[in-house]
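Okay, thanks for coming, everyone. I'd like to walk you through one model today, so let's put it up.

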Amino acid sequence: MLSLADGRAEAAVAEPARGTHPAIGGGRLLLVDPYMAREDPMERKYVELYPSLGLLTLAAYAREHGVATKVVDLTFARDLAPVRAALRSHRPDVVGVHTKTLTARRAMTIAGLAGDVGVLAVAGGPDAATRPELYLDGGYGAVVPGEGERTLVELVERNSSGVDIAETPGLLTRSQGRTHRGPPRPFLRDLDELPLPAWDLIDMEGYLRRWERRTGERRAAVLTSRGCPFDCSWCSKPTFGRTFRQQSPDRVLAELQALKARYRVDYVRFCDDVFGVDRRWLETLLDRMASAALDLKFECLARVDLLKPDLLARMRAVGLSRVYVGVESGSQKMLDLMNRGTRLAQVERAAESLRREGIRQFWFLMLGYPGETLDDIEATLRLFRRFSPEEYSVSIAVPVPGTRFYDAVKSRLKATTRRTPRSGGASLLFEAAYPRSMYRWEQARFDLEAALLRARGRISDRLIAQIAEAADRFHERVATPLILGRESARPPTSPSLRPTRTPTAASAPPGRPG
């Protein structure tokens, strides 16, 4: 199991329950999550560590279908020693690696370790689905670009039996320098057929203890759906596209009850791309949770157009504590350019309703999207000041391969974009309307707003107003012309942006956990 004492990860292994699916099973599988928290700069700012549910579901499915399965979770590891040890002890036929842009380099190293001992390495996950050739050229014998459960089980069976894997449905391979795509594999029709995640194959307690130390709560993640039916221009959907499938409320309840009974979980993050797409489904789930008296707090990611006031009241009564909201911009023009499908009036209504119900808001905001002007950024800051979300993230737009945003700016990508897969959020990866320093300065202005809000009650409102007004003057008269190389400030294009309301004590953020 994962050991927090020395930071190294030892993998857990589970032999299959033979006979469960005798016609399909066979072979030995090692699954690896290459993410290391200690090397993630964002982890130092946002403590949101949960195990990979996709990988744990793959592990549970493979085990259920007769494959001897082992998982190496490198989240708390210091190096790749656990992978080397698992290759020696488990002697897998196939090594499957979950890929993300952040972990691309480490994933390539893991493919090399597998190759050194003659084991087939297979890449899955969003980055491999978006850039399969990168992985096929980097030491991987195959890529699973779509839903992985049935494809991976069949691949292990074929490979362990000496059968050619190239025609495995849902698989990409390389032959004579060309990418070969196996027959298409349809998505699973019924997500209720999936087993519960294989929590026992990792140190689940290690994650829970970490959360407990930081927040006083034993937090776990749950995924109730696959896909997203919306079509934001900057969002990559390489695995499921715009399809959307959801587990039944009863299946979700069973998972919540298992987490409560086995691990004493008291806080759950629903990590669906969008939670509550189907209102009737959500209302049924809320009824089930209330009847079961789980005593769970929960959080989710939702769209402002789905957060109706009456629904929020019900969610709060069942345990909703925090909502992540993709606000993105305070400019309707920018929301339209992003193809968000939301209106500013919906943002305002959702923010007011969340505040009224006492539900914490985490806003995602984006700067630098093509077409954005300084006036649009001012509109976003004005919205931010008006509603003062308890938590927020202001990132610089990142063009992800496979999106319309990427296609629109790919001729303007900076050279470092291709060499630095870890960049993003604080880096400008394409030639945008303004220099990187301008966007970093604008990010600092949001941070100042949050700091002033937190200061209320400790220093006088008059002093806070004076600081804010001085900061606005500095922005217009000094920072903007200095950064943009102008000799004089641009004329003001909007009225004073200072908030007129006095925030209540309940709206003041206590700061991020950790």
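Let's begin with contacts, meaning heavy atoms within 4.5 Å. Of the contacts in the protein with a separation of 6 or more, 75% are between residues 24 or more positions apart. Quick caveats: this is a predicted model, where local features need pLDDT of at least 70 and side-chain atom pairs count only at pLDDT 80 or more, while totals for chains, interfaces and linings use all residues. Residues are numbered from 1 along each chain as its sequence is written, and side-chain values use heavy atoms, with hydrogens and water left out.

Now, the pair I like: helix H9, residues 279–292, and helix H10, residues 309–318 (helices being DSSP runs of H or I, at least four residues, numbered from the N terminus). They pack at an angle of about 25°, with axes 10 Å apart; the axes are lines fitted to C-alpha atoms over the stretch in contact, and angles run from 0 to 180 degrees between N-to-C directions. Angles under 35 degrees count as roughly parallel, so H9 and H10 are roughly parallel to each other.

Who meets whom? On the H9 side we have Arg 279, Leu 282, Glu 283, Leu 286, Asp 287, Met 289 and Ala 290, against Asp 310, Leu 311, Arg 314, Met 315 and Val 318 in H10.

Keep an eye on Met 315. Leaving out residues up to four places away in sequence, Met 315 touches Phe 275, Leu 282, Leu 286, Phe 298, Cys 300 and Leu 320.

Note on methods:
Helix = DSSP H or I, 4+ residues; strand = E, 2+ residues; numbered from the N terminus. Parallel < 35°, antiparallel > 145°, perpendicular 65-115°, else oblique.
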